[in-house]
Amino acid sequence: MSEKNETSVWQGFKAFLMRGNVVDLAVAVVIGAAFTNIVNAVVKGMINPLVGAFGTQNLDTYSSCLKGPCTGTGDAATGVRILWGSVLGATLQFVITAAVVYFLMVMPMARYLARVEARRKAREGTQEIVEISELEVLKEIRDELVAQRRPQHDGVPVRGDGAGYGER
């Protein structure tokens with residue numbers, strides 16, 4: 001009984017891992033970690049030097065003293081500092097990451113999905129036209145068969161009482 005219980009637990013865990021959303025999430029985390037390295041390299045290699053042209057290359061050094069005197073660095077620092085440079089650096093990294101994700105991943109995927117949807121709708125529209133045309137042809141055939149079954153007198157359909165439908 002213990003083996004059966006362990007087997008069902010293992011099978012349940014395996015089923016959980018194999019669900020599409022768990023695998024997709026794992027892939028997204030791995031790609032996101034690799035992408036973070038690229039963004040950090042862009043910020044350190046390109047953005048920080050541009051900022052360094054106007055000040056220092058390390059955005060973490062930008063700060064303001066809220067309550068002085070602000071002297072020293074690290075654990076020996078005195079006063080209350082607001083490290084707005086760190087916030088600026090993190091904000092730049094976020095904006096760059098969001099822009100790259102949007103322009104290189106989201107926007108192309110949205111365009112692709114829109115094209116696929118347009119093709120699908122076009123195919124459905126064509127099928128509807130064909131189905132309607134077939135239906136109309138079948139109705140015409142039916143009407144023709146019904147007309148052929150009616151008794152006729154000199155090419156003019158005759159009602160059941162012998163009177164003709166048409167005027168002569």
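**Exercise 1.** Find which residues Val43 touches, not counting residues up to four places away in sequence.

*Solution.* Use heavy atoms within 4.5 Å as the contact test. Val43 then touches Asn48, Pro49, Gln93 and Ile96.

The model is predicted: local features need pLDDT of at least 70, side-chain atom pairs count only at pLDDT 80 or more, and totals for chains, interfaces and linings use all residues. Residues are numbered from 1 along each chain as its sequence is written, and side-chain values use heavy atoms, leaving out hydrogens and water.

**Exercise 2.** Identify the residues of the largest nonpolar core, and the helix that gives the largest share of this core.

*Solution.* Take buried (under 20% relative accessible area; 1.4 Å probe, protein chains only) Ala, Val, Leu, Ile, Met, Phe, Trp, Tyr and Cys residues joined through side-chain atoms within 4.5 Å. The largest such core has 5 residues: Phe35, Val39, Val43, Ile47 and Ile96. Helix H2 (residues 20–52; a DSSP run of H or I, at least four residues, numbered from the N terminus) supplies 4 residues, the largest share.

**Exercise 3.** Trace the salt-bridge network that includes Arg120.

*Solution.* Look for a side-chain nitrogen of Lys or Arg within 4 Å of a carboxyl oxygen of Asp or Glu. The whole structure holds 3 salt bridges. One pairs Glu117 with Arg120 at 2.2 Å, N to O. Both lie in helix H3 (residues 84–149), 3 residues apart. Another joins Arg120 to Glu124 at 2.4 Å, N to O. These two are 4 residues apart in helix H3, so about one helical turn separates them. Glu117, Arg120 and Glu124 thus form a linked network.

Definitions and conventions. Buried < 20%, exposed > 50% of the residue type's maximum accessible area, 1.4 Å probe, protein only.
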